[in-house]
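Ready for some practice in reading a protein structure? Work through the exercises below at your own pace, and try each task before you look at its solution.

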Amino acid sequence: MASVRVAVRVRPMNQREKELSAQCIIEMEGNKTTITNLKIPDGVTGDSVRERTKTFTYDFSYDSGDRKGTGFVSQEKVFKDLGSDVLKAAFEGYNACIFAYGQTGSGKSYTMMGNQGDVGLIPRICEGLFTRITGMTRRDEASFRTEVSYLEIYNERVRDLLRRKLAKTYNLRVREHPKDGPYVEDLSKHLVQNYSDVEELMEAGNINRTTASTGMNDASSRSHAIFTINFTQV
């Protein structure tokens with residue numbers, strides 16, 4: 001497995017874009033993504049041809065714009081390509097991270113968390129983790145300890161999303177450990193025994209996240225969020 005892999009994903013048009021009769025300018029084929037500049041007329045010759053379309057190659061190009069389309073990429077496909085290797089790395093003793101980047105309303109929360117009946121990467125990874133733990137525990141192959149933490153970074157302040165007394169403003173400090181690297185001081189860690197425990201904590205943390213309405217999203221997550229799983233096997 002490569003140390004870093006990059007995937008790009010296209011979401012469906014939202015209601016605002018449909019009302020504006022917006023046009024999709026992205027096409028995907030295999031791992032290639034092509035963007036068309038509609039300001040340059042079709043049929044031109046010379047250097048303008050190259051300027052009208054730009055093609056980029058990634059490890060994965062996911063077209064999730066039209067659920068009825070033949071090439072539609074589901075949450076399950078994204079998990080198989082990206083999340084399954086995270087699970088594999090965890091059981092082999094390696095750290096792994098999935099990082100979602102994009103402007104507000106681009107689909108980061110949907111890809112990472114999903115929604116009811118169509119969960120995203122984090123729930124699928126957690127469910128897969130405990131399914132495998134259960135199987136190995138029954139065979140007495142190893143013992144396990146799993147802890148989770150959940151924080152948000154908003155206005156350059158770090159806040160614990162799982163701390164019970166959220167009425168108080170928490171401004172946690174980021175420290176540097178000589179061996180383990182950066183960490184958040186006093187960030188709560190919660191011991192979990194199964195996927196239901198993780199699901200309950202995720203829901204509680206999501207409720208506590210800072211949200212606000214924007215032109216792109218009525219309930220935009222206005223902060224950066226980090227959900228961490230500390231997984232130890234002996």
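Rings of Phe, Tyr and Trp (for Trp, its six-membered ring) form a pair if their centres lie within 6.5 Å; planes under 30 degrees apart count as stacked, over 60 as edge-to-face and the rest as tilted. This is a predicted model, in which local features need pLDDT of at least 70 and side-chain atom pairs count only at pLDDT 80 or more, while totals for chains, interfaces and linings use all residues. Residues are numbered from 1 along each chain as its sequence is written, and side-chain values use heavy atoms, with hydrogens and water left out.

**Exercise 1. Rings that meet**

Task: Find which residues are linked into a cluster by ring pairs, and decide how the rings of F144 and F231 are arranged.

Solution.
- Step 1: Searching the whole structure gives 5 aromatic pairs.
- Step 2: Take F60 and Y62 as a warm-up: with ring centres 5.7 Å apart and planes at 10°, this pair is stacked.
- Step 3: Next, check burial, where buried means under 20% relative accessible area, exposed over 50%, and partly exposed in between (1.4 Å probe, protein chains only). F60 is buried because its relative accessible area is 19%, and Y62 is buried too, at 3%.
- Step 4: Now turn to F144 and F231: their ring centres are 5.7 Å apart and their planes are at 5°, so this pair is stacked. The two rings join distant parts of the chain, since F144 sits in strand β8 and F231 in strand β15, 87 residues apart. Strands (E, at least two residues) and helices (H or I, at least four) are DSSP runs, numbered from the N terminus.
- Step 5: F231 is buried, at 19% relative accessible area.
- Step 6: The cluster linked by ring pairs consists of F91, F144 and F231.
- Step 7: R132 lies over the face of F91, 4.1 Å from the ring centre. For this, NZ of Lys or CZ of Arg must be within 6 Å of the ring centre and within 35 degrees of the ring normal.

**Exercise 2. A helix with two faces**

Task: Test whether the length of α6 agrees with its number of residues, then work out which residues of α6 are buried.

Solution.
- Step 1: The expected span of a helix is 1.5 Å times one less than its number of residues. For the 14 residues of α6 (residues 195-208) that gives 20 Å, and the end C-alpha atoms are 20 Å apart, which agrees.
- Step 2: The buried residues of α6 are Y195, V198, L201, M202 and G205. They lie on the same side of α6 because they cover an arc of only 125° around the axis, the arc being that of the directions from the helix axis to the C-beta atoms.
- Step 3: An α-helix has 3.6 residues a turn, so residues three or four places apart point the same way.
- Step 4: On the face turned away from the buried side, α6 carries the exposed residues E200 and I207.
- Step 5: The buried residues of α6 pack against α5 (121-138), β8 (144-154), β12 (190-192) and β15 (224-233).
- Step 6: At the start of α6, a side-chain oxygen of N194 comes within 3.2 Å of the backbone nitrogen of S196.

**Exercise 3. Along strand β8 and beyond**

Task: Decide whether S149 is buried or exposed, and find which residues S149 touches.

Solution.
- Step 1: S149 belongs to strand β8, and S149 is buried, with a relative accessible area of 3%.
- Step 2: Leaving out residues up to four places away in sequence, S149 touches L162, L187, S188, I226, F227 and T228. A contact means heavy atoms within 4.5 Å.
- Step 3: Follow the chain into the loop between β8 and β9 (157-160), where N155 lies. N155 has a positive phi of about 55° although it is not a glycine, and N155 is exposed, at 60% relative accessible area.
- Step 4: E156 is in the loop between β8 and β9 as well. Its phi is positive, near 65°, and E156 is not a glycine either. E156 is exposed, with a relative accessible area of 79%.

**Exercise 4. The whole protein**

Task: State how many helices and strands the protein has.

Solution.
- Step 1: The protein has 6 helices and 15 strands.
- Step 2: Of its 234 residues, 32% count as buried.
- Step 3: Among contacts between residues at least 6 apart in sequence, 58% join residues at least 24 apart.

Definitions and conventions
Polar contact = N/O pair within 3.5 Å; in protein donor to acceptor, adjacent residues only side chain to side chain.
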